Amino acid sequence: MHYLRAVATIALKDLRSEFRSKEAINASLSFAMVVLLLLSFAFDPSSEQAREFSGGLLWLVFAFAGTLILNRSFARELGNDCLDALLASPLPSWALYVGKCISNWLLLMALELACLPVFGIFYSIDWTVRFDGLLLVIGLATWALTVIGTMFSALTVNLRLRELMLPILVYPMMIPALLGAIQLTTDLLAGRPLSADNMLWLRLLVGFDVIYTALAVALVDTVLIG
Amino acid sequence: MSAVEVDRVWKYYGDYPALKDIDFKVADGDCVALLGRNGAGKTTLLRIIAGLSRPAKGEVRIAGRDLRELSTRRRVGILGHGIAVYDELSALENLKIFASLYGAADPSRTAMEWLERTGLDRVKDGLVREFSRGMRQRLAVARAFLHDPTVLLLDEPFTALDDRAIAVLQGLLKQARQAGRTIIMSTHQLREALELASHVVLINRGHLGFHGVRTQEMLDDPSWLYRNYGEA
């Protein structure tokens with residue numbers, strides 16, 4: 001019970017800090033909108049071809065804009081040496097990590113859900129047709145991005161070039177989850193339901209989430225303390 | 001059993017040995033002045049004692065227990081160079097977070113109690129980023145003391161404090177001494193530290209230069225220690 005309270009304390013603290021400063025969410029939302037707009041100029045949005053890689057376009061935007069949120073996750077603890085106070089407290093490192101993952105996941109989900117209507121308008125796609133499936137896929141793939149991104153945010157927190165290092169480390173690790181997310185999102189946006197045909201990709205997403213969450217929880221103390 | 005046991009600790013930054021075979025024990029209720037020139041390794045040693053950094057060799061135990069055990073960390077209070085409170089949160093929110101993490105039964109009440117003790121109760125809902133430097137420092141002191149730690153680790157605690165924050169901290173340290181708390185305090189303010197300390201640890205370029213009881217000789221002439229045991 002104490003650990004759950006600790007996880008909730010960290011998650012709420014991060015969300016409250018973010019809502020007050022709006023540092024990460026403003027930057028990532030503006031970036032996502034600009035990229036969506038620019039890509040709509042690059043491709044003919046009404047063409048069938050654009051529909052076929054709509055999942056890829058969407059996840060490209062989510063992944064790029066998402067790292068702006070993930071970058072801030074541990075970096076916000078550096079000011080005033082707050083990370084030291086958290087690590088010296090009787091808060092297990094995994095609880096700190098999970099708390100941050102939850103707040104990051106909620107922020108990323110908010111960003112992604114805000115992007116969907118804009119994406120629908122720019123690319124003339126009705127994203128509401130398979131919305132329940134789409135929400136499941138976005139939720140699972142966003143958790144994958146969150147666990148990897150939060151872990152590397154902890155790893156790169158003391159680097160001067162952390163804004164550059166985070167995407168370089170996160171994207172290669174994310175390839176299996178991104179492949180699954182892109183495939184499933186494209187199917188769902190085309191109106192195809194989740195079925196036996198694409199269940200392998202969904203299983204891959206679930207497996208990726210479980211394995212990387214377990215690995216990150218096991219390794220985070222070593223990453224933070226050395 | 002010692003309150004703090006530093007057992008043959010080595011620490012390297014790359015190839016550079018920042019701490020070399022540091023070995024000493026601190027008994028329950030001792031107040032140790034951790035002295036040394038800039039770069040001697042005081043902060044590195046305090047970070048290792050606080051469990052914020054792992055030694056390359058050797059180990060540190062608090063009340064005979066491993067540092068990274070959660071029950072051990074519950075006993076330790078640390079006041080470092082940074083104030084370790086969040087600028088975007090209010091004073092009350094900051095203290096509630098730490099009271100909650102330290103397992104206080106009623107985090108709000110604990111937080112309010114400490115805001116009153118440090119004279120910040122009237123600005124409890126003010127955001128820390130709007131506080132003056134002195135108010136931020138008093139909040140940092142409250143954050144370090146709010147869980148009633150049995151071992152206090154203070155890294156140059158009086159540096160850059162204003163008069164009021166110094167008075168608050170001195171009062172709390174006096175109470176902690178009377179309550180038999182163990183204190184390890186690194187500082188450059190020799191006279192103030194020696195007046196408070198029962199023992200002295202001197203670090204010279206990563207080596208343990210001196211460890212022993214604080215004597216009247218040191219109080220009469222604070223530079224005596226550096227002259228006799230300091231680096232050449």
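Two residues are in contact when heavy atoms lie within 4.5 Å of each other. By that yardstick, in this predicted model, residues 24 or more positions apart account for 82% of the contacts in chain A with a separation of 6 or more. The chain behind that figure is helical: chain A has nine helices and zero strands, which read along the sequence as α-α-α-α-α-α-α-α-α. Its radius of gyration comes out at 18 Å, close to the 17 Å that the globule rule gives for 226 residues, so chain A is as compact as a globular protein of that length. Along the principal axes, the C-alpha atoms of chain A fill a box of roughly 55 × 35 × 30 Å, and 52% of the 226 residues count as buried.

One spot in chain A gets a closer look here. A:Ser195 sits in the loop between helix H8 (162–189) and helix H9 (199–225) of chain A. With a relative accessibility of 26%, A:Ser195 counts as partly exposed, because that class runs from the 20% limit for buried up to the 50% limit for exposed. Its C-alpha atom is separated by 20 Å from that of A:Arg51, a residue 144 positions away along the chain.

Now for the interface. The size of an interface is often given as the accessible area lost when the parts come together. Here chain B and chain A bury about 2700 Å² between them, with 55% of it on carbon and sulfur atoms. On the chain B side, B:Arg54, B:Tyr86 and B:Leu101 lose the most area to chain A, together 25% of what that side buries. The contact draws 34 residues from chain B and 29 residues from chain A.

On the polar side, the two chains share five salt bridges. A:Arg20, for instance, forms a salt bridge with B:Glu93, the closest N and O atoms being 2.8 Å apart. Polar contacts between chain B and chain A add up to 18 residue pairs, both partners at pLDDT 80 or more. The chain B elements that give two or more residues to the side touching chain A are helix H2 (70–75), helix H3 (91–101) and helix H5 (133–145). H3(B) supplies the largest share, five residues. By type, the residues on this side of chain B split into 17 nonpolar, seven polar and ten charged.

Elsewhere in chain B, helix H1 (residues 42–49) is largely enclosed by the rest of the structure, because six of its eight residues are buried. Those six are B:Lys42, B:Thr44, B:Leu45, B:Leu46, B:Ile48 and B:Ile49. Just after H1(B), B:Gly51 takes a positive phi of about 80°.

Key:
Residues numbered from 1 in each chain as written. Chains lettered and ligands numbered in written order. Predicted model: local features only at pLDDT ≥ 70, side-chain atom pairs only at ≥ 80, totals over all residues. Heavy atoms only, no water. Helix = DSSP H or I, 4+ residues; strand = E, 2+ residues; numbered from the N terminus. Buried < 20%, exposed > 50% of the residue type's maximum accessible area, 1.4 Å probe, protein only. Buried area = accessible area lost by both parts, 1.4 Å probe. Salt bridge = Lys/Arg side-chain N within 4 Å of Asp/Glu carboxyl O. Polar contact = N/O pair within 3.5 Å; in protein donor to acceptor, adjacent residues only side chain to side chain. Nonpolar A, V, L, I, M, F, W, Y, C, P; charged D, E, K, R; others polar. Rg over C-alpha atoms; globule rule 2.2 N^0.38 Å.
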